[in-house]
Amino acid sequence: MYAIAQFEFRQALVAAQDTIPNQLKKPTAKPSMKWVYRLFHGVQVITLSLHEVTQEIVINLKAVQKKIIRYFGQRAMEIYGVT
């Protein structure tokens, strides 16, 4: 799965002529998935419950993480609450 995700994400970046910052903060269209996963360190899901209503909120999402999420499609955008 790791290799497939990396391959497809890299292909999407190249097709869109887009990049994300690498570990040295330089643009790359060929990031490792290990690096992409590392970029999500600190992103958290908070679950709030009041009476019988439960809501999940994603916190600490920055622009680069939102950009990455968009490349993973509509379902990922729904999970993270990205428009």
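A residue is called buried here when its relative accessible area is under 20%, and by that cut-off buried residues make up 27% of the 83 residues in the protein chain. The model is a predicted one, which is worth keeping in mind at each stop of the tour.

**The whole chain**

Begin with the entire protein chain in view, where the C-alpha atoms fill a box of roughly 45 × 25 × 25 Å along the principal axes. Switch to a cartoon drawing and look for four helices and four strands, which follow one another from the N terminus in the order α-β-β-α-β-β-α-α. If you then turn on a surface, the accessible area of the chain comes to about 6300 Å², and 56% of that area belongs to carbon and sulfur atoms.

Colouring by charge brings out 11 positive and 5 negative side chains, with the centres of the two sets lying 17 Å apart. For a view of how the chain folds back on itself, consider the contacts between residues at least 6 apart in sequence, of which 33% join residues at least 24 apart.

**Helix α1**

Next, select residues 2-15, which form helix α1, a run of 14 residues that reaches 20 Å from its first C-alpha to its last, close to the 20 Å expected at 1.5 Å a residue. Within this helix, highlight Ala5, Gln6, Phe9 and Leu13, which are its buried residues. Turn the view until you look down the axis of α1: the buried residues fall within an arc of 100°, and so they line one face of the helix.

What do the buried residues of α1 pack against? Their partners are β1 (20-21), β2 (27-28), α2 (33-39) and α3 (63-71), so named that each can be selected in turn. On the face of α1 turned away from its buried side, you will find the exposed residues Ala3, Phe7, Glu8 and Ala15. Before leaving this part of the chain, step just past the end of α1 to Gln17, which takes a positive phi of about 50°.

**Leu48 in strand β3**

For the last stop, select residues 44-50, which make up strand β3, and pick out Leu48 within that strand. The relative accessibility of Leu48 is 42%, and Leu48 therefore counts as partly exposed. Which residues should be shown around Leu48, leaving aside its neighbours within four places in sequence? Display Val53, Thr54, Gln55 and Ile57, since with that exclusion these are the residues in contact with Leu48.

Technical notes. Residues numbered from 1 in each chain as written. Predicted model: local features only at pLDDT ≥ 70, side-chain atom pairs only at ≥ 80, totals over all residues. Heavy atoms only, no water. Helix = DSSP H or I, 4+ residues; strand = E, 2+ residues; numbered from the N terminus. Expected span 1.5 Å × (residues − 1). Buried < 20%, exposed > 50% of the residue type's maximum accessible area, 1.4 Å probe, protein only. Arc of directions from axis to C-beta. Contact = heavy atoms within 4.5 Å. Areas by Shrake-Rupley, 256 points an atom, 1.4 Å probe, with all protein chains shown as cover. Lys, Arg positive; Asp, Glu negative; His and termini not counted. Charge placed at Lys NZ, Arg CZ, Asp CG, Glu CD.
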